[in-house]
Amino acid sequence: MAAAGSGHENWSSRSAFILAAVGSAVGLGNMWRFPAEAGENGGGAFVLFYIFCVLLIGLPVLLSEVLIGRHGQASAPDSVRKVARDSNASGGWSIIGSLGVFAAFLILSFYCVVGGWVLYYVGVFVSDLFQTGLTGGAFDGRAAEDIEGLLPGLFGNGGLMVGLNLGFLAVTMFFVARGVSSGIEWVAVYLMPIFFLLFLGITIYGAFTGNFSEAVSYLFTFDFSKLTGEVMLAAVGQAFFSLSLGVAGMITYGSYANRDTNLGQTSGIIAGADTGVALLAGLAIFPIVFAAGLSASAGPGLMFQSLPIAFQAMPFGSLIGLAFFVMVFFAALTSSVSLLEAPVAFLKDKVRISRAMATILVGAGAALLGVLASLSFNDMAEFYPLSFIPLFAEANFFDALDGVTAKLFMPIGAILTCIFVGWIADARLIDDENGLDGALHQTWRALVRYVCPIALFLILLAGIFPETAAIVMEGIAARFSRFG
Ligand code: TRP
């Protein structure tokens, strides 16, 4: 077991920690899932409830996770064990870390599949730039159905899907193998600033060339009647995924933080940056989509299908399209690196093998699951690995990985984290670590002890019993709308 000070790696500075953690949080969740979910769930109501969830549930859990890691100075399970020992509690709580590490591994394996799609679109726009040139719109003269067909075309090609998936995973492995300060920190310190610059540029471009005002009113007009149970559940789930919570990722990143980092403040910055990027992603994508007269509710196809069609009609379309997907690639890479780091840190501490060896072992496992997930869009579309569980009866391999992690591992991990930090861990130890004083400390503590675990438990139940939950939530929403 790695104890504090036994050569556990560290971030080289507080800003490196912040950039890496923001890099973990900001990813496909912000650029792809957030706008898709907002669009499918009616815009403003979803967005407002999302912000509410980040503040009341996401932020308190985020601080709890980095705090465990920073105190433990070891891989996730060992960090939890150290906090437990120092609080005279059972070492069995380390299950929070072990479950989380396993879940991070599962998420990694399907995250890299989508990362592969992003690589594909980078390639599409590079070749388009050569064909249509710099100034005109993208995909000169091609029919909209053709552009929309690129994604199903990719899905139909099992070999290409697997190749891109493994390519994205290999890049992730390369940086994790290089270690905390020269690999993980390197991607964060170099790629995140480029990400922010491209992102700002594209948002400004969207604001000037697209339908900005329609996008603003779509995203920020709050209509109570649209706040259904389904919308609320989608919002909490999205907040959790986007903040990288519930699966030991933030415990691991917290473990590389120094004693003098103020964790309360740092968590606020991470959550603020992540939420800001999600909102801005909506403000970058929707004006372009609306200007092209396309629908907001395209779901997963919004970024991969609607946006490329929209780039066709825009000046510098190919160039902006390329910049857009390169930017998404950078964001996705800094997230997949954090997903891989959690299991690698664990394995390397546990079995005492080198970081490179641990990376290869975890990477090989993720490659195996990733191939199955890639093939579930084509050759293995009819394979339902969890058909014996009613909840996942019709989930192919990709959907099963997504469903099990989002509906079970993430809420369970977060509930246990709240109970552990709120009720089990020594209050003085927590007080000493969290960097909060006075009213802020009291509020955070009340949220972690009562509000978060109860809310998360309801979310867990709602995920397991969707029909019952829908009926209950409709009732609640109806009651609310009477006041609205
Ligand atoms: N938050 C990342 C995103 O929005 C995804 C991610 C990275 C993640 N690490 C995680 C999700 C850990 C859950 C848990 O794309």
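Is Cys-53 buried or exposed? In this predicted model, Cys-53 is buried, with a relative accessible area of 3%. That makes a handy starting point for a look at the cysteines, the internal cavities and the surroundings of the ligand.

The cysteines come first. A disulfide is a covalent bond between the sulfur atoms of two cysteines, and the structure holds zero of them. For Cys-53, the reason is distance: the closest cysteine sulfur, in Cys-452, lies 10 Å from its own sulfur, too far for a bond. Cys-452 in turn has its closest cysteine sulfur in Cys-418, and the 4.7 Å between these two sulfurs is again too far for a bond, because a disulfide needs a pair within 2.5 Å. Like Cys-53, which is buried, Cys-452 is buried, here with a relative accessible area of 0%.

Attention then turns to the empty space inside the protein. Rolling a probe the size of a water molecule over the atoms shows where such space is left. Two cavities of 30 Å³ or more are found in the structure. The largest has a volume of about 160 Å³, and 18 residues line it, with Ser-24, Ile-107, Phe-241, Ser-244 and Leu-339 the closest to its centre. Several helices contribute to this lining: helix 1 (14-25), helix 2 (28-40), helix 5 (95-132), helix 11 (229-242) and helix 15 (317-350) each provide at least two residues. In character the lining is split between nine nonpolar and nine polar residues, with no charged ones.

The second largest cavity has a volume of about 30 Å³. Its lining consists of Glu-65, Ile-96, Gly-100, Gly-246, Val-247, Ala-248, Ile-251, Gly-413 and Thr-417. Two or more of these residues come from each of helix 5 and helix 17 (397-424). By class, four of the lining residues are nonpolar, four are polar and one is charged.

The ligand completes the picture. It is surrounded by 15 residues, of which Ala-25, Gly-29, Tyr-111, Phe-241 and Val-247 are the closest. Phe-241 has already appeared among the residues closest to the centre of the largest cavity, while Val-247 belongs to the lining of the second largest cavity. Polar atoms of the ligand also find partners in the protein. One ligand oxygen is 3.0 Å from a polar backbone atom of Leu-28, and an oxygen of the ligand is 3.4 Å from an N or O atom in the side chain of Asn-30. On the nitrogen side, a ligand atom sits 2.9 Å from an N or O atom in the side chain of Ser-244, a residue also listed among those closest to the centre of the largest cavity.

Terms used
Residues are numbered from 1 along each chain as its sequence is written. This is a predicted model: local features need pLDDT of at least 70, side-chain atom pairs count only at pLDDT 80 or more; totals for chains, interfaces and linings use all residues. Side-chain values use heavy atoms; hydrogens and water are left out. On a 1 Å grid over the protein atoms alone, a cavity is a set of points where a 1.4 Å probe fits but cannot get out, and a pocket is an open set with protein on both sides within 12 Å along at least five of seven lines; lining residues have an atom within 4 Å of a point. Grid points are joined across faces, edges and corners, and a volume is the space filled by probe spheres set on the points. Helices (H or I, at least four residues) and strands (E, at least two) are DSSP runs, numbered from the N terminus. Ala, Val, Leu, Ile, Met, Phe, Trp, Tyr, Cys and Pro count as nonpolar, Asp, Glu, Lys and Arg as charged, and the others, Gly among them, as polar. Buried means under 20% relative accessible area, exposed over 50%, partly exposed in between (1.4 Å probe, protein chains only). A residue is near a molecule or strand if one of its heavy atoms lies within 4 Å of it. A polar contact is a pair of N or O atoms within 3.5 Å; within protein, one must be able to donate a hydrogen and the other to accept it, and residues adjacent in sequence count only if both atoms are side-chain atoms.
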